[in-house]
Amino acid sequence: MYRYDDFDHQFVRERVNQFRGQVERRLTGALNEDEFRPLRLMNGLYLQLHAYMLRVAIPYGTLSSRQMRQLADIAETYDRGYGHFTTRQNIQYNWPKLKDVPEILDRLADVEMHAIQTSGNCIRNVTADPYGGVAADEITDPRATAELLRQWSSNHPEFSFLPRKFKIAVTGARADRAVIKFHDIGLRIHEDTGLGRGYEVWAGGGLGRTPMIGIKVRDFVPEAELLRYIEAIMRVYNAEGRRDNKYKARIKILVHERGGEEFRQLVEEEFARIPADNETLVANELRRIEEFFTPPGYPALPDHSQALTDAMAKNAAFARWVRTNTRAHKAPGFAIAVISLKPTGGAPGDATADQMRAMADAADRFSLGELRVSAEQNIILPYVKKDDLFALWQSLEEGGLGIANAELISDVVACPGLDYCALATARSIPIAQEITERFAEPSLQEKIGPIRIKISGCINACGHHHVGDIGILGLEKTGAEAYQITLGGDPTESAAIGERSGPGFPAEGVVDAIERLIHFYLEKREDGEQFRQTYRRLGHDLMKEALYAAH
Amino acid sequence: MGKKAALQIVTANHLTEGHSVFLAEDGWTADHHLALIASGADEAASLEAQARKDEDRNLVVGVYLVEVALDDEGRPEPTHYREKMRVRARPSFWADDPHVVRAPRPTRVFAGDAHVSL
C-alpha cells in the first residue's frame with residue numbers, strides 16, 4: 001500500500017487545521033452558511049435530510065486493517081456505530097456533528113486518510129479495479145497510476161473550480177471492473193502493444209440524469225505522457241465546459257455536443273501546446289510509487305488446495321460461499337475473497353463498527369492486512385491462501401459476514417436514497433431489502449445466476465441504475481414514490497445503458513414485477529445463459545412484457 | 001402559494017448538531033408536533049422571517065416551510081412523504097432494526113427567539 005511521506009502528512013494536517021479554524025468561525029458566526037458551505041463541501045461535509053454527512057475518501061478503494069479499525073472507532077465515537085460503503089469506494093458517516101468534524105478529520109489523518117475532494121467541482125477520489133494487483137486477468141496493477149493521479153489532482157490549483165465534478169477510473173485488466181466507459185475519464189493500461197506501457201483513454205462517460213457511454217479519445221498514450229494528456233483534456237473541459245447550466249456542465253455534455261472528432265482535435269491541439277518538460281519526472285514518480293505496490297513474496301503453492309476441496313465436500317454452506325464469493329487470483333494457491341455487505345433485509349453497504357473490526361481482523365489473519373472497497377459496496381480481501389479459505393469463512397460467519405451472494409440477485413447496489421439523502425425523490429434501501437428477502441433462498445439465487453440489480457433514489461444515479469441488468473430509479477409521481485425500471489444496462493467493457501421499460505411501479509409493486517421477470521427468464525433461458533445473455537437474445541420487448549405481465 | 005399550502009410549519013437543521021428542528025413557541029424543537037403553525041401565506045412569510053433571524057444568529061441552518069395538515073389531535077403532520085420521512089428523524093427502515101446504535105433525541109434542543117406570535 002502507498003504510505004504518506006512527510007509532505008503528505010503535513011499537507012493533510014494543515015488542511016485539518018485550516019478546516020478547524022473554518023468550523024470555529026462558523027460556530028461563532030464569523031462565517032455565514034453561504035460562506036461556509038463551499039468550505040465544508042471541499043472537506044466532504046454535506047448537510048443531508050436528517051443530519052450532516054461526512055464522506056471519507058478511500059483512494060482507489062484500498063484500506064489497511066489499521067485504517068479499517070480507525071473507521072470503526074470513528075463510527076462508534078462520533079457517529080451511531082456504523083458506516084456506509086459507497087458505489088465510489090468511499091465511506092460515509094451519516095450522523096456526525098459539525099463541532100466534532102475537525103476531530104474526526106484529525107483521527108483520519110492519524111491513519112493517512114482524509115475527506116478532501118469528496119465533494120465539490122473538483123477531481124474526486126480516483127477509483128480503480130478493486131482486484132488491482134491480484135486479478136488473474138490483470139495486465140498491469142492500476143493502483144500506482146491511480147495513486148499518481150490522486151497526488152497530481154489533490155489541491156490542483158488549476159482544476160479546483162471546474163464547471164462540475166470530475167471522476168477518473170483506472171483498470172489494468174481485460175475485464176472492466178472499474179466502469180471506465182462511464183467516467184469523465186477512464187483509463188485502461190496496456191503493456192502488450194509493442195510500444196511499452198501506456199493508456200487507452202476514454203472520456204465523456206457518465207451516469208446521472210443524462211447517461212452516456214464515453215468515447216475513446218486515444219488508443220494509446222505512452223506512460224510518460226499521461227499527466228500531460230489528462231491535463232489537456234482537463235483544460236479543454238475547464239475552458240469549454242458549460243458553466244451556464246449545472247445540468248449540462250459535465251464533460252459528457254461537452255464531448256457529445258461537440259462530437260468525438262472535434263473533442264479529440266481540441267484535446268490534441270491542447271496537448272501539443274503543453275511543454276513536455278515533466279515527462280521524466282512522471283516516469284520517475286511512477287517508479288517511486290510502484291515500490292509501494294510491489295507484489296508480496298508469494299510462497300510457492302500448488303494452485304490446487306486439497307484442504308479447500310475437503311472442506312467444501314464436508315460443508316455445503318462453505319462450498320456455496322466459495323463458489324459465489326471467491327475470484328481467480330494471479331498467484332497459484334491464492335484466491336480473492338469477497339465479503340458481502342448485503343445481508344438479507346440489510347442496508348446495502350452498511351457495516352457496523354464491530355463488523356469493520358471483524359473485517360480488519362480477518363485481513364490481518366488472512367490477507368496481509370489489506371482490504372478493498374468495491375463499487376458494488378462490498379469488501380474485498382485480496383490475498384487469501386486457498387488453504388485458509390475455510391478458516392476465513394468461519395471467522396466471517398461469526399460476525400454475520402459470511403453471506404454467499406456476491407454478484408447474485410441479492411447483491412443489490414443501492415444509494416442511501418430518501419432515508420438519508422436530501423436530494424432523493426424516493427427511498428432505495430427498503431426496495432433493496434425487499435429484494436434480498438424475496439430472493440433470500442441461496443439455491444434459488446445460484447439458479448438465477450449472476451445478475452446486477454442497482455437502485456438509485458433520484459436521477460443523479462448514485463446507485464448506478466443505468467448500468468444494472470435491472471435498474472430501478474425512484475422518482476416522485478403525483479405525490480408518491482414511484483419506481484421506473486430499466487433493463488439491459490452493463491458497466492463492463494461491453495458497456496450499455498439500460499433501456500426504460502415503461503410506466504413506473506408503486507413501491508409495493510416493484511419486487512413483484514422483478515419476480516415476474518426472473519421467472520420468465522428462468523423459463524426462457526438456454527443452457528448456460530446468464531440473465532444478460534438471455535436479455536440480449538430475446539430482446540427488450542419480450543423481457544419488458546414479462547415485467548408488466550400481471551400489472 | 002396554492003390553496004393546499006394553507007397550513008405550514010418551519011423546519012431547519014440545528015447548526016452544530018445537524019439534526020432537523022422545528023420552530024416552536026419557545027424556540028426550536030426536535031418534536032414537530034410542537035411547531036408553530038402558520039395559516040395562509042402572510043403568516044407563513046412572517047414565521048419564515050422569524051426563523052431566518054435565528055439562521056442569521058447561527059442557531060440553525062437551511063430554513064424552509066413545510067406544508068402540514070392537522071391530525072385527529074390537532075397536531076401538525078407533514079403532507080408530503082419527504083417531510084414525513086424527515087420528521088421521523090431516522091431512516092424509515094430503522095423501526096425494527098436492533099443492531100443500529102441510536103442516540104436518543106432531545107425534545108427541546110435550545111431556545112431560539114421566544115417571541116413568535118401568530
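Student: What share of the 118 residues of chain B count as buried, and what makes a residue buried?

Tutor: In this predicted model, local features need pLDDT of at least 70 and side-chain atom pairs count only at pLDDT 80 or more, while totals for chains, interfaces and linings use all residues. Residues are numbered from 1 along each chain as its sequence is written, and chains are lettered from A and ligands numbered from 1 in the order in which they are written. Of the 118 residues of chain B, 35% count as buried, a label that requires 20 or more other C-beta atoms, placed from the backbone, within 10 Å of the residue's own (exposed means 12 or fewer, partly exposed in between).

Student: What secondary structure does chain B have, and in which order do its elements run?

Tutor: Chain B has 2 helices and 7 strands, counted as DSSP runs numbered from the N terminus (helices H or I, at least four residues; strands E, at least two). From the N terminus on, the order is β-β-β-β-α-β-β-α-β.

Student: How many residues of chains A and B are in contact, and what makes a pair a contact?

Tutor: 25 residues of chain A are in contact with 25 residues of chain B, a contact being a pair whose C-beta atoms, placed from the backbone, lie within 7 Å. On the chain A side, helix H14 (429-438) and strand E19 (480-487) are the elements that give two or more residues, and H14(A) gives the most, with 3 residues. By class, this side of chain A has 12 nonpolar, 6 polar and 7 charged residues.

Student: Why is H5(A) called largely enclosed?

Tutor: 9 of the 11 residues of H5(A) meet the criterion for buried, so the helix is largely enclosed by the rest of the structure. Among the buried residues are Arg143(A), Glu147(A) and Arg150(A), together with Leu148(A) and Leu149(A). Their cover includes strands E3 (62-64), E6 (127-128), E7 (168-171) and E8 (185-190) of chain A, as well as H9 of chain A. After H5(A) comes Asn155(A), whose phi is positive, near 60°.

Student: What makes the packing of H5(A) on H9(A) oblique?

Tutor: Helix H5 (residues 143-153) and helix H9 (residues 279-290) of chain A pack at an angle of about 120°, with their axes 9 Å apart. Angles under 35 degrees count as roughly parallel, over 145 as roughly antiparallel, 65 to 115 as roughly perpendicular and the rest as oblique, and therefore H5(A) is oblique to H9(A). The contact is made by Ala144(A), Glu147(A) and Leu148(A) of H5(A) with Glu285(A), Leu286(A), Ile289(A) and Glu290(A) of H9(A), a set of 4 nonpolar, no polar and 3 charged residues.

Student: How do you know which label suits the pair H16(A) and H18(A)?

Tutor: The axes of helix H16 (residues 507-524) and helix H18 (residues 540-548) of chain A come within 7 Å and cross at roughly 130°, which makes H16(A) oblique to H18(A). Ala513(A), Arg516(A), Leu517(A) and Phe520(A) of H16(A) meet Met543(A), Ala546(A) and Leu547(A) of H18(A), and these residues divide into 6 nonpolar, no polar and 1 charged.

Student: Where do the domains of chain A lie, and what separates the centres of domain 2 and domain 3?

Tutor: The domain assignment, automatic or from a database, gives domain 1 (6-110), domain 2 (127-291), domain 3 (306-398) and domain 4 (413-548) of chain A. Taken over C-alpha atoms, the centres of domain 2 and domain 3 of chain A are 32 Å apart, and their contact takes 9 residues from domain 2 and 12 residues from domain 3.

Technical notes. Contact = placed C-beta atoms within 7 Å. Nonpolar A, V, L, I, M, F, W, Y, C, P; charged D, E, K, R; others polar. Axes fitted to C-alpha atoms, helices over the stretch in contact; angles between N-to-C directions.
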